[in-house]
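Trainee: Could we go through this one together, with the cut-offs spelled out?

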Amino acid sequence: MKVSEFAALSGAKILMDEYEDREIACGYTCDLLSHVMGRGQADMAWITVQTHMNVIAVAALLDFACVIVPEKLPVDPAIVAKADEEGIVMLASEKTAYELVEILSKNGVPSAKKG
Amino acid sequence: MMIKETYQVTAGDMTAAGDVSARIKRHMKQLGIPASVMRRVAVGTYEAEINLVIHSDGGRIDFAITPEGIDIRVVDVGPGIADIEKAMTEGWSTATNEVRNMGFGAGMGLPNMKRNADEFTIASEVGVGTDIHMLFRI
């Protein structure tokens with residue numbers, strides 16, 4: 001499933017002006033960054049309520065396909081600018097993390113495995 | 001030719017935390033290090049960098065390529081670790097509530113380093129600092 005397909009299905013808004021429409025290989029939701037470092041894989045979609053700079057650092061280091069912020073949480077434009085600089089796609093959704101996982105799962109995106 | 005770089009890490013600067021790991025990753029990419037190795041080094045250096053920012057009074061990360069592989073040494077000045085065995089236990093952390101709210105302090109930093117490195121050693125002296133060595137075979 002491509003990032004754009006996920007956006008269309010979930011109604012999530014892509015926060016970037018331009019982005020690379022990557023294939024999502026797996027998904028994971030967690031707000032503890034060390035758990036994400038331990039679990040994260042390349043091309044992963046990461047759902048998190050954390051919206052600070054370190055989220056972008058983690059996503060860039062592990063080469064994630066996208067970061068999805070649930071529940072209408074505000075994302076600072078400086079974070080989006082940093083994501084853009086690092087080539088990370090950010091999406092924002094009104095849905096809960098649970099609902100977003102359901103969409104990924106129903107469309108064949110597996111859970112990230114332990115790294 | 002042996003490649004060796006040293007990167008300074010400033011204590012307390014949460015916004016810049018991760019910058020050194022990003023620079024190390026870019027450096028590895030330029031050198032053509034395989035993606036699977038880069039990933040493991042990225043996890044190790046990021047966790048080390050976060051520890052330096054959160055817990056130490058500042059320190060450095062040395063990156064070297066040796067015949068054995070990628071050699072990372074992390075040296076800080078700071079409070080040190082009183083009980084290393086405890087600090088290596090998953091879930092054990094001394095992080096403040098402030099950094100926990102940012103998603104740090106899960107008590108997975110040192111275990112993540114150990115899990116991803118092929119060799120991991122840690123030495124610490126209370127009131128002096130901590131010295132970590134990680135080797136990642138290519």
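Mentor: Sure, we'll take chain B, then its contact with chain A, then a sheet.

Mentor: This is a predicted model, where local features need pLDDT of at least 70, side-chain atom pairs count only at pLDDT 80 or more, and totals for chains, interfaces and linings use all residues. Residues are numbered from 1 along each chain as its sequence is written, while chains are lettered from A and ligands numbered from 1 in the order in which they are written.

Trainee: What elements does chain B have, and what counts as one?

Mentor: Chain B has five helices and five strands, running β-α-α-β-β-α-α-α-β-β from the N terminus. These are DSSP runs numbered from the N terminus: helices are H or I with at least four residues, strands are E with at least two.

Trainee: Why is chain B called as compact as a globular protein of its length?

Mentor: The radius of gyration, taken over C-alpha atoms, is set against the globule rule, 2.2 Å times the number of residues to the power 0.38. For chain B the radius is 14 Å, close to the 14 Å that the rule gives for 138 residues, so the description fits.

Trainee: What makes α5(B) "mostly covered"?

Mentor: Six of its eight residues are buried. Buried takes 20 or more other C-beta atoms within 10 Å of a residue's own, with 12 or fewer for exposed and partly exposed in between; C-beta atoms are placed from the backbone. The buried ones in α5(B) are G109(B), L110(B), P111(B), N112(B), M113(B) and N116(B). They pack against α2 (33–39) of chain A, and against α2, α3 (84–87), β4 (119–125) and β5 (129–136) of chain B.

Trainee: How many residues make the contact between the chains?

Mentor: Chain B gives 19 and chain A gives 16, a contact being two C-beta atoms, placed from the backbone, within 7 Å. On the chain B side, α2(B) gives the most, with six residues.

Trainee: And why are β1 (13–14) and β2 (26–29) of chain A called edge strands?

Mentor: Strands pair if DSSP finds at least two bridges between them. The five strands of the open, mixed sheet in chain A are ordered β1-β5-β4-β3-β2. β1(A) and β2(A) each have a single partner strand, so one side of each is left without a neighbour in the sheet.

Trainee: How do you know that β2(A) pairs with β3(A)?

Mentor: Four bridges join β2(A) to β3(A) (residues 44–47), and the two run parallel. For Y28(A), the bridge partner in β3(A) is W46(A).
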